[in-house]
Amino acid sequence: MVRVENLTFGYGADGFRLRVPEFSLDDGERVAVVGPSGSGKTTLLNLIAGILRPDDGRIDVAGTEVSGLSDAARRRFRASRIGFVFQDFALLDYLSARQNIFYPYRITPALVLDDAARDRAERLASACGIGDKLDRHPGGLSQGEQQRVAICRALVTQPKLILSDEATGNLDPDSKARILDLLFEQATEAGAAVLAVTHDHELLPRFERVLDFAQFREGATA
Amino acid sequence: MNALFLAFSYLRYHWARSLVLVLVAALIMFVPVATQTLLSTSERALVARGEATPLLLGSRGSQLDLTMAALYFSEERPDPVAMREVESVWDSGLGVPIPVHTAFSSGGFRIVGTTLDYFDFRDLTPASGRGLSILGDAVIGSDVAAALGKRVGDTLVSAPENLFDLDGVYPLEMPIVGVLEPTNTPDDQAIFVDIKTAWVIQGIGHGHEDVVTAADVAAGTAALANAAVVQYQRITDDNIDSFHFHGSQDDFPASAVIVVPNDTRSSTILKGRYLDSELPTQLIEPAGVIQGLVDRIFRIKSLLDVVTAIIAVAAFAAVGLAVFLSYRLRAREIATAVKLGAQKGMVLRLLAAETITLLLIAGSIAAIGAAIVSRNAESWVGWLLALGA
Amino acid sequence: MVRVLNGFLAFVVIALSGTTAFAQDRPRVVAVNQALHDFAERLLGDAAEVVFPVPEGVDPSFWRPSIADISMIQSADLILLNGAGFATWIDRVSLPRSRVVNTSAAIEDRFIVTESITHSHGDGGEHSHEGIASYTWLDPMLAIAQAEAIAAAVIVRDLAIEGIVEARLAELRSDLTALDAMAQDALSGMDGVAMIATHPRYQYFARRYSLSIASLEWDAGAMPGEDDLADLERLSTELDAGILIWEAQPPREAIELADALGLKSIVFETWAGQGTPDSLFTAYRQAVSDLADAASQFAD
């Protein structure tokens with residue numbers, strides 16, 4: 001699903017530098033990325049998603065070489081192939097839960113909001129237990145419910161890869177496990193791989209593999 | 001479409017902020033348009049009234065006062081002109097003189113004493129009731145009827161005056177015999193009586209007075225709504241024959257005389273007759289006086305335009321700042337959109353859609369407001385001009 | 001060819017003017033007394049409807065028009081006033097000044113001023129009204145002036161064809177002049193004869209023909225009361241009068257009572273209100289000749 005080779009990336013001339021000699025993620029695989037703060041975990045997600053361009057190396061996602069795409073193509077690719085879940089949920093307070101789920105369809109012509117998409121959204125919401133709260137705005141939802149909405153948003157476009165950036169970081173301990181299970185469950189259902197940045201070590205056993213990021217930090221291996 | 005959807009959702013969710021922005025923007029767009037409409041309608045109304053009144057004869061003095069009193073029934077009181085001037089115009093055979101006597105009022109509206117020729121000249125027809133027939137009859141303009149809630153069959157009492165210092169002259173109660181069709185001119189705000197009735201109010205004509213006294217009011221024998229007026233005279237079937245006028249009618253006063261010349265030549269001859277500045281009277285063309293007034297108004301208006309422009313710039317800057325700040329507040333949403341793969345320019349389109357939606361709504365409100373103003377401009381201007389008077 | 005065309009055009013013009021004349025209502029002229037009515041009718045012929053609105057038996061000086069009367073008068077094309085204080089109702093009614101013509105405007109310097117009437121009302125104290133004798137048309141010369149005023153007004157307002165009105169005015173003028181000559185002739189040498197009128201109506205008549213006519217204030221055509229008779233007797237004795245002029249046919253007994261006082265009764269209709277269907281001229285001639293006859297008897 002994801003293949004990263006000889007990746008280097010740096011912010012500015014003498015800022016933070018990231019170097020990933022090799023990393024891969026199989027279809028449907030669930031991998032946790034751990035590491036100290038500032039080790040470049042989020043940067044890796046951004047590189048895989050095509051938000052950032054590597055200085056060197058190669059990133060291949062589902063057969064597409066992301067690093068070789070133009071900006072517009074990367075945007076289209078991101079919108080159609082990747083689902084994002086954030087630590088702060090990144091929901092829009094002015095949209096209802098339903099419209100938040102549809103948000104990806106609103107911002108790119110690469111996706112078309114058709115009946116199938118609407119059905120999917122309803123099914124996902126029911127599966128996530130927020131089927132009766134779709135008309136509420138984020139302000140009227142609990143944190144757990146908000147993250148469920150965010151998970152629905154990430155999955156509604158049927159991506160093959162879910163990038164989760166501390167998705168459970170803001171949740172209470174009880175919710176963390178439930179939300180992660182839900183994410184895995186839905187990802188499995190959709191046949192999507194999950195690459196999740198996390199600090200919650202107690203959750204690690206739920207992943208198939210853990211990638212410790214400390215090894216990629218420039219200088220750490222040197 | 002999607003950008004519009006998001007923009008609209010955003011505006012609806014932050015409705016209070018949107019409302020303020022919309023109203024401010026609407027106001028900025030509306031005010032200059034409304035001012036312009038009202039001013040140009042005022043100009044048209046003023047000029048139309050001036051042009052519809054070819055010549056005005058009155059005592060030498062302020063031409064503006066004379067015009068305002070005779071055309072707009074203002075509170076200006078030009079020195080009275082004697083009725084012999086009316087006769088002298090009749091005798092000249094050069095035009096039709098129509099005296100107007102505007103010294104009195106009732107219920108805040110001018111009592112305009114004139115002759116029946118006035119109604120023909122201004123093309124005034126009663127919407128209900130009849131025209132003036134008998135001494136004491138009053139025919140009221142549509143605005144008077146609406147403002148005072150009076151109808152045919154009601155009565156009006158002239159406001160007490162001590163201007164002429166005539167002892168024993170009581171206010172006159174006048175039956176309303178007709179209500180005129182609205183014309184959107186100052187005629188809507190006038191109470192018309194025969195000029196002879198105005199002279200009765202002035203005390204020049206009188207009868208064996210049938211004065212309704214405070215005692216009558218207290219005893220409930222007088223159907224009287226206005227408790228402030230405790231004594232007034234009333235022209236009845238029994239006393240009308242006793243009404244008479246003292247002295248020669250030639251000496252009786254009018255506030256001004258509208259003169260409708262037969263043709264341009266007559267007009268020129270007539271004007272020539274009153275050129276001598278030694279004469280106690282002057283013959284003026286109200287259109288010229290009004291044009292002078294309008295020119296002055298529009299000089300003030302150009303100043304107002306500058307002020308409006310400055311305020312508009314400031315207000316748009318404020319609105320712009322508000323929009324800019326709201327964009328800043330939405331940096332997070334923009335970041336999210338980018339991460340989710342938003343199309344390039346999406347953010348710009350979203351913000352543009354939002355701004356355009358705001359401006360469209362504001363523009364619609366301003367347009368509706370402007371439409372209402374222009375639809376009602378004539379009557380409002382009539383009211384404004386009356387207010388000014 | 002041209003003549004044929006001219007003839008045709010003339011025919012068309014006549015036909016058109018004929019249809020327009022019938023297409024619209026005739027103009028209406030209102031007069032405040034019978035004399036002005038008759039003059040206007042003579043000048044206008046069929047060109048206008050001339051109305052004298054005061055009903056029979058009502059003194060036009062004291063008539064009070066109804067709202068319907070007023071509306072009819074207001075809508076008239078021409079309203080002929082007598083002036084000289086005749087008909088006080090015009091002061092209390094709204095009239096369209098542009099259509100009102102005061103037929104005596106040109107003869108104001110020839111008005112006869114009567115004694116003042118003093119009265120008081122309200123808190124205003126006493127005040128007096130200067131009276132003006134109103135029956136101007138009983139002097140044929142003043143009547144001519146009034147007829148001329150009517151003719152001028154009719155022509156200015158285009159109510160009838162100017163040439164025709166001028167011709168009719170000339171005819172009326174000559175009739176009135178003839179009437180005047182006849183009266184001059186019949187009434188000459190009567191300056192010594194004292195006459196009494198039951199009403200002050202004949203000031204202009206008396207002045208024109210140098211007659212001395214004293215006046216009472218009786219009700220026209222009514223039987224005089226005791227006070228009236230006492231007044232008459234006193235005045236008659238004082239003036240040594242021999243003729244009593246009635247403005248309307250009095251009751252038989254009234255004539256007998258006058259006879260008893262040595263007064264010869266003459267009826268002289270003033271043509272103010274609606275009178276007998278005789279024309280003004282017939283009535284006037286009759287009265288003049290009656291007066292002359294009576295005077296000659298009296299002189300005998």
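**Exercise 1.** State how many residues chain A and chain B each bring to their contact, and which elements of chain A take part.

Solution. In this predicted model, totals for interfaces use all residues, whereas local features need pLDDT of at least 70 and side-chain atom pairs count only at pLDDT 80 or more. Residues are numbered from 1 along each chain as its sequence is written, chains are lettered from A and ligands numbered from 1 in the order in which they are written.

Step 1. Two residues are in contact if their C-beta atoms, placed from the backbone, lie within 7 Å. The contact takes 20 residues from chain A and 18 residues from chain B.

Step 2. On the side of chain A that touches chain B, two or more residues come from each of α2 (71–81) and α3 (97–107) of chain A. Helices (H or I, at least four residues) and strands (E, at least two) are DSSP runs, numbered from the N terminus. The most is given by α2(A), with six residues.

**Exercise 2.** Describe the open sheet of chain C: its strand order, edges and twist.

Solution.

Step 1. Four strands with parallel pairing (at least two DSSP bridges between two strands) follow the order β8-β7-β9-β10 in chain C.

Step 2. β8 (212–215) and β10 (264–267) of chain C are the edge strands, each pairing on one side only.

Step 3. From one strand to the next, the twist averages 30°; axes are lines fitted to C-alpha atoms, for helices over the stretch in contact, and angles run from 0 to 180 degrees between N-to-C directions.

Step 4. β9 (residues 243–246) of chain C joins β10(C) over four bridges, in the parallel sense. Ile243(C) has Lys264(C) in β10(C) as its bridge partner.
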